[in-house]
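Work through the exercises below with the model open beside you. Each task is followed by a stepwise solution.

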Amino acid sequence: MKTTHKLLLAVALGFLATSLPACDATSDTPADSGVVADAGAHPVDGGLPVDGGPHDAGIPDAGEPSCFTNPTSHYELINGCTDSVAIDKTPVLPGLIDGGLPPLP
Amino acid sequence: MKLRSSVACAALAVSLSLSTEARADVPTCASLTNPVVVAGSSAAKGLMKTLSAAYSKQGTVTTLIYQGPGSCAGVNAVLSDPDTSVACPTGGCVKGTGLYYTVDGSNAVIENSCTFDDANGGTHVDVAVSDVFGTNCTDGAPIDGFLDEQGPAEAMVLTVPKAATGQQAIVAEESYFVFGFDDSTHQISPWTDANFRFRRDVNSGTQRIMAAAIGVPAGKWKGINAGANGAGSGGVLASVTGSSSPDKTIGLLGSDFYDQHRDALTQLAFRGFKQKHAYYTDSTATAFDKRNVRDGHYLPFGYVHLIARDAGGGHASAKAAQVIANVKGTEAVTGFDAVDAAISSHFVPKCAMKVQRSVEGGNLSAYTDAAPCGCYFESKVNQGGAVPASCHTCTDNAGCTNGQTCDRGFCESH
């Protein structure tokens, strides 16, 4: 993906993230679609791109399920459907380079 | 004056006599019955203590001696010393004191010390016990001539003091900045001061496992090595709980250690790279079921590794082979159940795992043990022995359906 497209996508997602009620950039808040922070186990039902912002953290493609019921691959296993408590966070990441993590010093 | 100096001299003589006698009470490790030396991970102490005591209780022919200098310190002591028939090479062997365990008449486990052969460069290590793959300690270089076998699983966690407010989770990208940078450009609120980031060192398996999860090599971590000078996890705990700025404070610990100090700490849920949500090690913040470690939702985990010399067709040392087989549960020893020992050490026995990995921090794949024990595990760790509704008790396979078998009193799926 070209750099320009990445930036546009990042801006769009950043706008989307800030417009969502649960997407406070500095706090860990439950997403607004069934993911509960600490009130017992609830099914994960996030259908929204909860991790908006300019970083490379698995933003789901259109049409991808919110979770995987019969996971087999690594990606599916780590995003498998579960009754466990899930927490959503939209972090503010400084010093990104083209939307990616900068090299370590 | 004469009387006082006489009393002083007598007191000094008694003191010297007593100290000499005390030193004489600490045996050399070599003098113990058929000693087998296990060195490495400090997190494995509980497991080694249980096995050492079991050997003792049998009146067995093996004395398991343990030292916990850190995962890679133990691994390097073995890898640097391929031939135990010759003198200890540089970097090989262990020095100082080791611990071994006996059981008294009331069945209490007693910790004892013995001294290694420092005068001759130290004592050879039979088995390295490590939180990480042996190749993690060699930065990827193969460890030909050695066997690396996996025991129970263990998770590593990032924690904040109970007094800290506002933070429930951390994502891998944030962790990359928190532990990879200490300049003003790459700060992650609220962990903006490196003086309040408490970590371990490059030899620590705890740090190496988390390093693989966040993309910061273990030797490049910023922050304070709170485990220095042998303090280990206890040093991190003290630093985190004693911090003058709780909100700025973050500390790295093994989940086994965290589980024993939940009154003072809060675990941060962790979201790995390419994950959609952050998860605790357990299904909730207060559970002990390690469900997310077991099914792959919690990524910073590894295994207890047992590393020993390979004779080409198996272990070069029969004693090493025995210890490893007992820890893995492939060979029984009276008084030591590998699964129960792992659970009591706050590890996850492999039979309770549903995922596996073959490289530190590597991709996960599905795993089914030959004798699954997920329901049994939860019956042991959950409050009141509660188990999920899907877990049914049984006495034999006839009591199970859908291809399940009766393992440790529960119908388990294969």
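Buried area is the accessible area, taken with a 1.4 Å probe, that two parts lose on being put together, summed over both. The model used here is predicted.

**Exercise 1. The interface by area**

Task: Find how much area is buried between chain B and chain A, and which three residues of chain B supply the most.

Solution.
- Step 1. Take the total. About 3,500 Å² is buried between chain B and chain A.
- Step 2. Split it by atom type. Carbon and sulfur atoms give 56% of that area.
- Step 3. Rank the residues of chain B. B:Lys274, B:Lys276 and B:His277 supply 21% of the area that chain B buries against chain A, more than any other three residues.
- Step 4. Count the participants. Chain B puts 45 residues into the contact, and chain A puts in 47 residues.

**Exercise 2. Polar links across the interface**

Task: Count the salt bridges between chain B and chain A. Then explain why the pair B:Lys276 and A:Glu64 joins two chains.

Solution.
- Step 1. Start with the whole structure. The search finds 14 salt bridges over all chains.
- Step 2. Place the pair. B:Lys276 sits in the loop between β12 and α9 of chain B, and A:Glu64 sits in the loop between β1 (28-29) and α2 (74-78) of chain A, so the pair joins two chains.
- Step 3. Restrict the count to the interface. Two salt bridges run between chain B and chain A.
- Step 4. Check the distance. The side chains of B:Lys276 and A:Glu64 form a salt bridge at 2.8 Å, N to O.
- Step 5. Add the polar contacts. There are 17 residue pairs in polar contact between chain B and chain A, both residues at pLDDT 80 or more.
- Step 6. Assign elements. On the side of chain B that touches chain A, β7 (169-171), α5 (172-180), β12 (269-271) and β15 (365-366) of chain B give two or more residues. α5(B) gives the most, with five residues.
- Step 7. Sort by class. That side of chain B has 19 nonpolar, 18 polar and eight charged residues.

**Exercise 3. The largest pocket**

Task: Describe the lining of the largest pocket, and say which residues lie nearest its centre.

Solution.
- Step 1. Give the volume. The largest pocket holds about 880 Å³ of space.
- Step 2. Locate the centre. Of the 36 lining residues, B:Arg291, B:Arg294, B:Asp295, B:Lys354 and B:Ser390 lie nearest to it.
- Step 3. Trace the elements. α9 (291-294), α12 (374-381) and β17 (410-412) of chain B each supply at least two lining residues. The largest share, three residues, comes from α12(B).
- Step 4. Sort by class. The lining has 16 nonpolar, twelve polar and eight charged residues.

**Exercise 4. An enclosed space**

Task: How many cavities of 30 Å³ or more does the whole structure have, and what lines the second largest cavity?

Solution.
- Step 1. Count. The search finds three cavities of 30 Å³ or more.
- Step 2. Size the second largest cavity. Its space is about 50 Å³.
- Step 3. Read the lining. Among the residues are B:Ser41, B:Ser42, B:Gly70, B:Asp131, B:Arg200 and B:Thr206.
- Step 4. Sort by class. One lining residue is nonpolar, seven are polar and two are charged.

**Exercise 5. Backbone geometry**

Task: Is the peptide bond from B:Ser189 to B:Pro190 cis or trans, and where is B:Asp139 found?

Solution.
- Step 1. Read omega. The bond from B:Ser189 to B:Pro190 is cis, with omega near 5°.
- Step 2. Place the proline. B:Pro190 lies in the loop between α5 and β8 (197-199) of chain B.
- Step 3. Turn to phi. B:Asp139 has a positive phi of about 55°, although it is not a glycine.
- Step 4. Place this residue. B:Asp139 is in the loop between α4 (134-137) and β6 (146-161) of chain B.

Methods
Residues numbered from 1 in each chain as written. Chains lettered and ligands numbered in written order. Predicted model: local features only at pLDDT ≥ 70, side-chain atom pairs only at ≥ 80, totals over all residues. Heavy atoms only, no water. 1 Å grid on protein atoms, 1.4 Å probe; cavity = no way out; pocket = protein on both sides within 12 Å on 5 of 7 lines; lining within 4 Å. Points joined across faces, edges and corners; volume = space filled by probe spheres on them. Nonpolar A, V, L, I, M, F, W, Y, C, P; charged D, E, K, R; others polar. Contact = heavy atoms within 4.5 Å. Salt bridge = Lys/Arg side-chain N within 4 Å of Asp/Glu carboxyl O. Polar contact = N/O pair within 3.5 Å; in protein donor to acceptor, adjacent residues only side chain to side chain. Helix = DSSP H or I, 4+ residues; strand = E, 2+ residues; numbered from the N terminus.
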